[in-house]
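Work through the following exercises with the sequence and the coordinates open beside you, and try each task before reading its solution.

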Amino acid sequence: MKLFINGEEMIVPDDVTNVEELLDYFKLNNKAGIVERNQVIVDRSLHAEEAVTNEDRIEIVHFVGGG
Amino acid sequence: MLTIANRNFHSRLLLGTGKYPDYSIQKQAVDVSEAEILTFSVRRMNIFEADQPNFLETIDTDQYTLLPNTAGAKTAEEAVRTARLAKASGLCDMIKVEVIGDQRTLLPDPIETLKASEILLEKGFIVLPYTSDDVMLAKRLQDLGVHAIMPGASPIGSGQGIINPLNLQFIIEQSTVPVIVDAGIGSPTDAAQAMEIGADGVLLNTAVSQAEDPVKMARAMKLSIEGGRLGYEAGRIPKKTYATASSPTEGMSIG
């Protein structure tokens, strides 16, 4: 499956079917990441229910140092 | 006591978390500053470096109020998106609205800042806009219902201190919400000056993080902000042209 993650085109295995599995795949599930799928924020509690499909545009952001 | 949207803070220093030499120094600086509000930015995660440390993971987030900014936004729309992403973290409901209109000076775009603030207030955020030191703009923001106004002292990271203390004084005098001087503070003198003018707080980052000794500077800023505030509350003497003796002129044994 082809995804655009943080602006970059990536191929992820087809057994990744939802946001939770996508974060697992990148070993990010214990990180305080915030996910947006096709410009819609995915609530943390709904990661397992939010499907990921071919050509989705995914943003994964977090807090970094700033003033 | 600094009160923003019915939340009370003992510290009047809001500290940024960018550009420290390392996390250990940063943590010490945050500790000694006694700041209760820390600012952050929202950025894309490097998904291939999941093990990369993150400052937020090194602190007890229950002890602090997180104030994410919308830095990077050039329009109200972008600022609103960043604010919504920040809130989705579940860690905060405050937002520092920062819409930069010019990349060389990093001065805020007042019109987009106003628009973004209005939208975010409607969405239930606690809104603290970073603004230029324009008196009418501050008033317009206040009329919208923002929870604090954060005028810049001088350009972000410039360390030039308060370029227009008169404007700042006008903003403070008319304001019914806290005024937090944000950006441009370079030294403890600058921070104390802001507080003596009557600011409710100071937000700074580079002045501490890029100081030769960030930990010592964090303490210096804490003390100068406390000193400046006490001086404001105590009420300074008026300036006079000529001298007035501190010692009595009667009873002198000479002459």
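The exercises below deal with pockets and with annotated residues in a predicted model.

**Exercise 1.** Describe the largest pocket by its volume, its lining and the elements that contribute to that lining.

*Solution.* Begin with the volume: the largest pocket holds about 460 Å³ of space. Next, turn to its lining, which is made up of 27 residues, with A:G67, B:E98, B:L106, B:I156 and B:G157 lying nearest the centre. As for secondary structure, the elements that supply two or more residues to this lining are β10 (201-204) and α8 (206-209) of chain B. Finally, sort the lining residues by class, which gives 10 nonpolar, 12 polar and five charged.

**Exercise 2.** Repeat the analysis for the second largest pocket, and state which element gives the most to its lining.

*Solution.* The volume of the second largest pocket is about 310 Å³. Its lining consists of 24 residues, and those nearest its centre are A:V64, B:Y23, B:P53, B:N54 and B:F55. Two or more lining residues come from each of β5 (57-65) of chain A and, in chain B, α1 (23-33), β4 (37-44) and α2 (55-58). Of these, β5(A) gives the most, with four residues. By class, the lining of the second largest pocket divides into 11 nonpolar, eight polar and five charged residues.

**Exercise 3.** Which residues carry the UniProt feature "binding site", and how are they placed with respect to the largest pocket?

*Solution.* First, consult the record: an unreviewed UniProt entry places the feature "binding site" at B:G157, B:A183, B:G184, B:N205 and B:T206. Then compare sequence with space: these residues span 50 residues in sequence, yet no two of their C-alpha atoms are more than 9.1 Å apart, so they gather at one spot. Lastly, check them against the lining of the largest pocket, which includes B:G157, B:A183, B:G184, B:N205 and B:T206.

**Exercise 4.** Are B:G157 and B:G184 buried, partly exposed or exposed, and what does each of them touch?

*Solution.* Start with B:G157, which sits in the loop between β8 (150-151) and α6 (165-174) of chain B. Its relative accessibility is 44%, so B:G157 counts as partly exposed. Leaving aside neighbours within four places in sequence, B:G157 is in contact with B:G184 and B:T206. Now take B:G184, found in the loop between β9 (180-182) and α7 (188-197) of chain B. With a relative accessible area of 5%, B:G184 is buried, because buried means under 20%. When residues up to four places away in sequence are not counted, B:G184 touches several residues, including B:S154, B:P155, B:I156 and B:G157.

How values were computed: Residues are numbered from 1 along each chain as its sequence is written. Chains are lettered from A and ligands numbered from 1 in the order in which they are written. This is a predicted model: local features need pLDDT of at least 70, side-chain atom pairs count only at pLDDT 80 or more; totals for chains, interfaces and linings use all residues. Side-chain values use heavy atoms; hydrogens and water are left out. On a 1 Å grid over the protein atoms alone, a cavity is a set of points where a 1.4 Å probe fits but cannot get out, and a pocket is an open set with protein on both sides within 12 Å along at least five of seven lines; lining residues have an atom within 4 Å of a point. Grid points are joined across faces, edges and corners, and a volume is the space filled by probe spheres set on the points. Ala, Val, Leu, Ile, Met, Phe, Trp, Tyr, Cys and Pro count as nonpolar, Asp, Glu, Lys and Arg as charged, and the others, Gly among them, as polar. UniProt positions are given in the numbering used here, feature names are shortened, and annotations may be inferred rather than shown by experiment. Buried means under 20% relative accessible area, exposed over 50%, partly exposed in between (1.4 Å probe, protein chains only). Contact means heavy atoms within 4.5 Å.
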